[in-house]
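Please open the model in your viewer, and keep the sequence panel visible beside it. The tour below proceeds one selection at a time and says what is to be found at each stop.

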Amino acid sequence: MIRGVKGSLLAAVSLALVGCAASGSEAKSASDKPAAAEKPVKFDKDPYPSTYRPYGGRPTAVRGVTIFDGEGGRIDNGVVLFAGGKVEAVGGADTAIPADFDVIDGSGKFVTPGIIDIHSHLGDYPSPSVEAHSDGNEATSPTTPEVWSEHSVWPQDPGFSRALANGGVTALQVLPGSANLMGGRSITLKNVPSRTVQGMKFPGAPYGMKMACGENPKRVYGGKGRAPSTRMGNFAVNRATWQKAAAYKKKMDDGKAVDRDLAMETLAGVLAGEILVHNHCYRADEMALVIDMSKEFGYKVSTFHHAVESYKIADILAKEGICSAMWADWWGFKMEAYDSVNENIPLVYKAGACTIVHSDDANQIQRLNQEAAKARAAGRRMGIDVSDEQAWTWLSYNPAKALGIGDKTGSLKAGKMADVVLWNGNPFSAYTRPEKVWVDGALMFDAFDPKRRPVSDFELGQPGEGDVK
Amino acid sequence: MMRALFLSAAALIAVSAAAQDIAITNAKLVIGDGSAPIEGGTVVVRGGKVVAAGAGVAVPAGIERVDAGGRWVTPGIVAAFSRVGLVEVDAVTGTNDRNAPRTRFSAGLDIAPALNPMGSPVAVNRASGVTRAIVAPGGSSNLFAGQGAVVDLADDMDMVTKPRALQFVAFGEAGSAKAGGSRAATFLLFREQLLAARSYARGSATLAEWGNDAMIQRADADALVQVINGTTPLFVRVDRAADIVNVLKLRQEFPALKLVLVGVTEGWLVARELAAAKVPVLVSPLTDLPASFEQLGATQSNAGRLKAAGVDVSVGVFDDDDAHKMGYATQYAGNLVGLARLPGASGMTWDQAFASISSAPARAVGMEASIGSLRPGRVGDVVVWDNDPLELGSRPTAIWIDGKAQSLTTRQDRLRDRYATPGEGALPKAYDR
C-alpha cells in the first residue's frame, strides 16, 4: 500500500520540477520571485487552455417539430430559433420567425438538445484499438491523480464522428480508465473535429477526476503483487492519499510555500470543490462507503458511474444529491455487474435521484437515445410513469449538470449554447436517426449532405472513406 | 443455496408439463420467412410443432385457445452466433466455458456438455424473446475452436437441439495469433490439418506420420472429417475483404466445405463474390468503427448492401456481449429498418429484418426445416409481444418453446421487485421475497 502511494508521489514530484514556472492567464498573481520565496505561489490552473471556437452558422428556425427541451418540457408542433450560436427562443407554433432566419420544416420530426455522454473513452482508447493506441489507463500506480486524460486524447479517433452522426452527441466527458483508484483528470469536450484536443475542450467546463471502486484496481494491482489487492485495501490506499492531499491543501491555504505536486494539486482541487469526482462504482454497499469517505475528507462525489446497483440505495443517493450514470441493461460481464436490473434507471429516477444514461463504449455512445428508450419502457412496465420528455433529461440536462456545464448546455433555453439535434422521427424509436446536428449553432452533420459528414485523418484514403457509417 | 435449490426444483416441475396443443388467435402474425405480417392470424401448435399458421386457419376442436388481442405474435428469435449457456459471469473463470486456451484438443471439442440450461443468462435471454441459439465455442489453443451446437432456451435440463451443429474457426488477426503469427501460417495450418484429418480417415497414414503428432489429436481429426465432407458447417470468423475472398477460395481444394461466414465487416466490398459463392453470412450489423485494420471499411450499411446484392444475411449480437444480451437482436434488426429510411444508407425492410433474426440463422446452420419460422413442421417456438418486436423496449408477454409455456421471470425481476422501494422495512431486505 505504502509502496504504491510513494511511487506515485515520487513520479509526481519529478514531474513538478519541470512544471514550476507558472505562466498563463490565471498565474498573474504568482510571485515574480522563485518558488522558494515565502509568498504563496499560485500555479496555472489552465495551462492547456481551450482554443475551441464555434464554427458559425446561419440563423435557423426549425418549425413544426416535437420538442423535448431537455429539462422535462415538451412542445408539440413547436419552433426552435437559434442564431449566433445561441438558442434564441423555443415555443409553440405561433412563435414569430424573424425574416432573415433559414426555416426548416420539421413536420413529424423531433428536436432535442444534443446528447451529452458523461462517460466516454473516445480519443484515449480510440479506433483502431491497437496496442499503440492504448492510452486510457496509467496502470503503473493505483493512484495517478497527476495524469490528465486530455493528454491522451487522439482527436483523429473516428469514433467522435460516429457519436455525432449516428448518436447526436454534442458533448462528452473523456475519462481515464478504471485500473486505478484515482485514475486522473477527465476532460469535457465539444464533439467537433479538431487538429488538437485544445480545439475540442469545452470552454469553461470544470475538470473532473476519475475514481474507481471494486474489482478493477484490486485485480490490476493485486495481480502485480502490490496493494491494493482487496476492497479494504482500496479504501486504505484512498484514505492515505486523501490524508496527504488534505495536508497539502492546508499548507496552500495557510499561505505556505509548497513544492508543486501535480497529484496533490488535482486532489486539492477536488477538496476545494473545483474538480468534480466521477466515481466508477458498481455495488451499492461500496457506494455507501465511498459517500462516508467523501465526508471523512470533505469532498463531494458528483456521479457514480456504471452504478448497476444504484436501485438498491436510490433513496440514499437522492438524499446525498449524487447522480448515477448507468447503462440500460448491461450485466453479467463481471461479478460486480451481476445484480444489474433493467429497471435500474427508472428506479433511480422514481426515487428522485439524479439519473443519467451513459455509454462507456464507442458503439453504444451512438445510440444512447435507444438505451434511454429501453429503460423508459422497463420503468413503464413496472408502473413508473416516465414521459418521453422526462426521459430526455437523462441524456442531456442531467449529465450537463453533473459535469458543471448545466448553465451552458443540455437544454433548449434562450441564451444557452445551440447544441441541437433534429431527429427524423421520435428519438425513442429504433427506426429514428439524427437528420441534422448543430454544435453552437454550427451545422456539423446533415444526413442529406455528404459534405457535412466528418472524415478523420485516419480514414482518408482508406476503404469506406466518407461513407455513411 | 437453498434458494437456488428451490428454484431449480420449481423449474423441473414446470418442465414436466407436456407440450401443450395450443392455438393462438387474433394475432398480428409474423411467420418469420420474410413475408409480411398477417392481421387476424392464427398459429396452431400440436405435439410441440407448428401445424398451421396464417389467416383463416381453423382452430381444431378441443384445443386450448389463446386470444392475442391483436398483438404481435412471432416465431422465437434465433440468436445467430452466441455463447449463451457457456457463460454465467465472464470474469469469473469457473463459470466461463467460452474458451479452452490450455487444452491439447481443438476441432474435437464439443460444447454440448458445457452448456448450463439453469444459468441465469438462459432465462434472461429467453425473457427477451430468444428461444433458440447457435452457440459456438470461443477458441482453443489451436486454430480450430471446436464444435458448437444449436440449443433451445427452455426452462428444462435438455438444452441441446442439435449437437456438433457447426465447427468454428477464426481467420484474420485472431487466426494469425493462433497459427503462429501470420495469415500465411493460418491458411497453411488450416490446409495441413484438413489434409491430415482426411489422410487419417482414409487410413492411409497415422497422425504421427504427418510429422507433427501434436498438431491435431484423433478427436480433432474425427471432427474435421465431418467438415471436409460437408456434414458439419464450417463457421469462419473473417472481416477483411481480402481475407473473405481467400476464405471463399478454400473450396477450390475442399469443394464440399459448407461455409458460413461470421463478422464479415468488410463484406460489402466483396458483396458480388459472396453472393456468387452462395455463402450465408452472420453479421453484427451496427459495427461501424475501424476497430482494427481488418475492419477499416466498417459501416452499418454492410448488412443492407449484402442483402441487396443477394447474400443470405443473418443478424447476430457479437463483438458486444455474446452470452448475456441476445435480446439486442431485435434492437439491431430494428436499426436496420431505420437505416433503410436514412439518405444514402442501406438497411432492410421490416419483414427482411425480422427474418434476419429468425429464419435466416436457421437456414445458415442448415436447420430451416425445423426452426426459425412458423411454417408448418417447425418447432412450436412462439412469442407474443406487447408491441412491435423490433421496437425499443418491446417485451414478450408469453413464450412457448416446443409448445411448452415458459416462465418469463428472471433473477433480475426478483431483485427489481425486492427493491421496488429501496428503503428497509420492518425486517431487512433479505426477508423480502
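Select B:I22 and B:E64 together: in strand β4 of chain B, B:E64 is the bridge partner of B:I22. The model on the screen is a predicted one. Extend the selection to β1 (residues 22–29) and β4 (residues 64–67) of chain B, which pair in the parallel sense over four bridges. General background helps here: strands of a sheet pair through backbone hydrogen bonds, either parallel or antiparallel.

Next, add strand β2 (residues 38–46) of chain B, which pairs with β1(B) in the antiparallel sense over five bridges. Within this pair, B:A27 stands opposite B:G41. Then add strand β5 (residues 72–75) of chain B, which runs parallel to β1(B) and is joined to it by two bridges. Here B:K28 of β1(B) has B:W72 as its bridge partner.

How many of the eight residues of β1(B) are buried? Six of the eight are, so this strand is largely enclosed by the rest of the structure.

**The loop after β1 of chain B**

Select B:D33, in the loop between β1 and β2 of chain B. Is this residue buried or exposed? B:D33 counts as buried because it has 20 C-beta neighbours inside 10 Å. Now show B:R375 as well: it lies 342 residues from B:D33 along the chain, yet the two C-alpha atoms are separated by 8.1 Å. Leaving aside neighbours within four places in sequence, B:D33 is in contact with B:A355, B:S359, B:S373 and B:R375.

**The eight-stranded sheet of chain B**

Select β6 to β13 of chain B. These strands form an open sheet of eight strands in the order β6-β7-β8-β9-β10-β11-β12-β13, with mixed pairing. Which strands stand at the edges? They are β6 (77–82) and β13 (313–315) of chain B; each has a single partner strand, so one side of each is left without a neighbour in the sheet. From one strand to the next, the twist averages 25°.

At the β6 edge, look at strand β7 (residues 130–135) of chain B, which runs parallel to β6(B) and is joined to it by four bridges. B:A79 stands opposite B:A133 in β7(B). Then show helix α6 (residues 241–248) of chain B, which packs on the sheet and touches β10 and β11 (259–263) of chain B. The direction of α6(B) makes about 155° with that of β10(B).

**Helix α5 of chain B**

Select residues 218–228 of chain B, the helix α5, and colour its buried residues: B:D220, B:A221, B:A223, B:L224 and B:V227. Seen down the helix axis, these residues fall within an arc of 165°, so they line one face of the helix. As a general rule, an α-helix has 3.6 residues a turn, so residues three or four places apart point the same way. What covers the buried residues of α5(B)? The cover includes β8 (144–152), β9 (160–170), α4 (183–202) and β10 (234–238) of chain B. After the helix comes B:G230, whose phi is positive, near 80°.

**Strand β9 of chain A**

Move to chain A and select strand β9 (residues 208–212). Five of its five residues are buried, so the strand is largely enclosed by the rest of the structure. A:G208, A:K210 and A:A212 point one way, while A:M209 and A:M211 point the other way. Strand β8 (residues 182–190) of chain A runs antiparallel to β9(A) and is joined to it by four bridges, with A:S186 opposite A:G208. Strand β10 (residues 276–281) of chain A pairs with β9(A) in the parallel sense over five bridges, and A:N279 is the bridge partner of A:M211.

**Two crossing helices of chain A**

Select helices α4 (residues 231–253) and α5 (residues 262–271) of chain A, which pack at an angle of about 80° with their axes 9 Å apart. They are therefore roughly perpendicular to each other. Residues making the contact include A:W242 and A:Y248 of α4(A) and A:L267 and A:L271 of α5(A). The contact residues divide into nine nonpolar, one polar and two charged.

**Where the chains meet**

Finally, display both chains: 51 residues of chain A are in contact with 45 residues of chain B. On the chain A side, α9(A) gives the most, with seven residues. The residues of this side divide into 25 nonpolar, 13 polar and 13 charged.

Conventions:
Residues are numbered from 1 along each chain as its sequence is written. Chains are lettered from A and ligands numbered from 1 in the order in which they are written. This is a predicted model: local features need pLDDT of at least 70, side-chain atom pairs count only at pLDDT 80 or more; totals for chains, interfaces and linings use all residues. Two residues are in contact if their C-beta atoms, placed from the backbone, lie within 7 Å. Ala, Val, Leu, Ile, Met, Phe, Trp, Tyr, Cys and Pro count as nonpolar, Asp, Glu, Lys and Arg as charged, and the others, Gly among them, as polar. Axes are lines fitted to C-alpha atoms, for helices over the stretch in contact, and angles run from 0 to 180 degrees between N-to-C directions. Angles under 35 degrees count as roughly parallel, over 145 as roughly antiparallel, 65 to 115 as roughly perpendicular and the rest as oblique. A residue is buried if 20 or more other C-beta atoms lie within 10 Å of its own, exposed if 12 or fewer, and partly exposed in between; C-beta atoms are placed from the backbone. The arc is that of the directions from the helix axis to the C-beta atoms. Two strands pair if DSSP finds at least two bridges between them.
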